[in-house]
Amino acid sequence: MTTTRSELGRDTHTLRATRGQRESPWREARIIWAPSLTVSITFLAQLCISLVETSVVSRLGPQQLAGVGIASGIYVLFFLLAIGTVTSLTPLVSEAYGRADRAGMRKIAHQGLIVAAVAGTILALVLQLFAPLILRLIASHETMEFSLAYLRGAALGLPFWAMYVAVRCISTAVGKSGVGTIVLWLSVPAHAALCLVLSHGTDWIPARGTFGAGIALAATPMISLMAVWTLLRLSKIGVLAELLRLPISFDRRQFVRVLSLGTPFAFRIAIREGVLPIAMLIAAPHGILVVTVQVVMAKLSDWGSSLGLGVATAVSSRIGYLDGSGARNKTRIAIAGGALCGILYGLLLCAGLMFFGGELVTLLVGTELSRNLGSTWQLVWPVAAWLFIICIQSSFVGAQSGLRDGTGGLVCVLLGEWMIGLPSAYLLANALDSTVVGIWLGLLIGETATLAIYWIRIEVILNRSERNAS
């Protein structure tokens, strides 16, 4: 069943793209920037949830904080694998939306929700079963109890995080992601209150320590998912209400399609996020001060890279839409538009780090320790350059997702970041006077190489598509 675009409603893909208008990267940038900013703000909300949790747990004691810190590193890997499996929904739903195929959109959306529930449940069970074994390898005896308690609580939320991200991907694909963003930001103070009550207790509720903090993290996506689903079903956004209408039906072909594309996406995200922890291992032999500086710089990069993730998601949605509407010849212009957004975001990030880097470092580690870290400018500029490349690269990451080249993206990350970036970081960390600057220069080399590899790979795909079309 297909329907007209007017029945589906106007969206950010078509608001500024009317016939007769001259296509240009600047026009595409104006189309992409709004959804990219919305998605970026959503990622920032997730970071705030993590910061709130750290603040609350720190009041339990240093061993509890260390235990949750170790557990969080393990949890994030499973979290990324869970949500990565459904990121394929954005280009797939966008493609069907470009064809004005409401029935196809509904089938893909439903299979995405099923994949999210199944993948999240399986990963939660695996985490519950293997967490003790993993913790025996990396955690001390004093912190293992707190780490394990946290993971047992947090693992329960993996299916709900995956389903929430699935709904967000579906909403982004049709240019209506604002509701999910607002709900997740409202959940930040709710999570703070829940985490405080469950971990520290009240007169009526016993304190559950780190287990309570894990339960709070599991409850947050459950509440957010229920709120988003209810609001979208009751809203006047007809297409989303239709896509989320119950009952959810199973379609084997679309289920396999979503899962087969989402699996390499998930591993690419997980491998990409593994670069900074490996960089931490490079810093470890150089002393506690170097490790502290590396942790601070990594925290700064986390906030900045959220903008890059927003651009990647918006470009993926845009290219999927163009492909479905028969306008794949505009893909290069869309990528250029995304790159312009990335350049703008990158410049803003660089300016922010250059002007406020010292204040941000002091906010993270305190005044006394920040004085011992040395020149903020010397430490911040390679991170700023790294973020600038990440923001530009995000357009190509989104393009590869939109072109449904999951395996190719995985190979690009392995070649550029792992085979070039990390070895360069190790060599420069030991060759330069500043270990941290050496690490980030090496990572910068790796990201630049990854950008070039992405570019080459996308050109190969587009040239092949043009030859087949002719």
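User: What makes the span of helix α6 (residues 141-154) close to the expected one?

Analyst: This is a predicted model, to start with. Helix α6 has 14 residues and runs 21 Å from its first C-alpha to its last. At 1.5 Å a residue you'd expect 20 Å, so the two values are close.

User: Which residues of α6 are buried?

Analyst: T143, M144, F146, S147, L148, Y150, L151, G153 and A154. One of them, L151, also turns up among the residues with the most contacts inside the largest nonpolar core.

User: What else is in that list of residues with the most contacts, and how many residues does the core have?

Analyst: The core has 75 residues, and the list also holds Y75, L89, L127 and L158. Take L158: leaving aside neighbours within four places in sequence, its contacts include Y75, F78, F79 and L127. There's also a second, separate core of 54 residues, with V311, A327, F396 and A399 among them.

User: Which residues does Y75 join through ring pairs?

Analyst: Y75 is in a cluster with F79, W161 and Y164, linked by ring pairs.

User: Why is the F250 and F255 pair called tilted?

Analyst: The planes are 50° apart, which is neither under 30 degrees (stacked) nor over 60 (edge-to-face), so tilted is what's left. The centres are 5.4 Å apart, within the 6.5 Å limit, so the rings do count as a pair. A search of the whole structure finds seven aromatic pairs.

User: Are those two rings buried or exposed?

Analyst: One of each. F250 has 53% relative accessibility, over the 50% mark, so F250 is exposed. F255 has 17%, under 20%, so F255 is buried.

User: What makes R168 a charge over the ring of F43?

Analyst: The charged end of R168 is 4.8 Å from the ring centre, within the 6 Å limit, and sits over the ring.

User: How do you know that C391 is in no disulfide?

Analyst: The nearest cysteine sulfur, that of C350, is 7.8 Å away, and a disulfide needs the sulfurs within 2.5 Å, so C391 doesn't qualify. The count for disulfides is zero. C391 has 1% relative accessibility, so C391 counts as buried.

User: What is notable about phi at A100 and R404?

Analyst: A100 has a positive phi of about 60° although it's not a glycine. Phi of R404, also a residue other than glycine, is positive and near 60°. A100 lies in the loop between α4 and α5, while R404 is in the loop between α16 and α17.

User: Why is A100 called buried but R404 partly exposed?

Analyst: A100 has 6%, under the 20% cut-off, so A100 is buried. R404 has 25%, which falls between 20% and 50%, so R404 is partly exposed.

Note on methods:
Residues are numbered from 1 along each chain as its sequence is written. This is a predicted model: local features need pLDDT of at least 70, side-chain atom pairs count only at pLDDT 80 or more; totals for chains, interfaces and linings use all residues. Side-chain values use heavy atoms; hydrogens and water are left out. Rings of Phe, Tyr and Trp (its six-membered ring) pair if their centres lie within 6.5 Å; planes under 30 degrees apart count as stacked, over 60 as edge-to-face and the rest as tilted. Buried means under 20% relative accessible area, exposed over 50%, partly exposed in between (1.4 Å probe, protein chains only). A charge sits over a ring if NZ of Lys or CZ of Arg is within 6 Å of the ring centre and within 35 degrees of the ring normal. A nonpolar core is a set of buried Ala, Val, Leu, Ile, Met, Phe, Trp, Tyr and Cys residues joined through side-chain atoms within 4.5 Å. Contact means heavy atoms within 4.5 Å. Helices (H or I, at least four residues) and strands (E, at least two) are DSSP runs, numbered from the N terminus.
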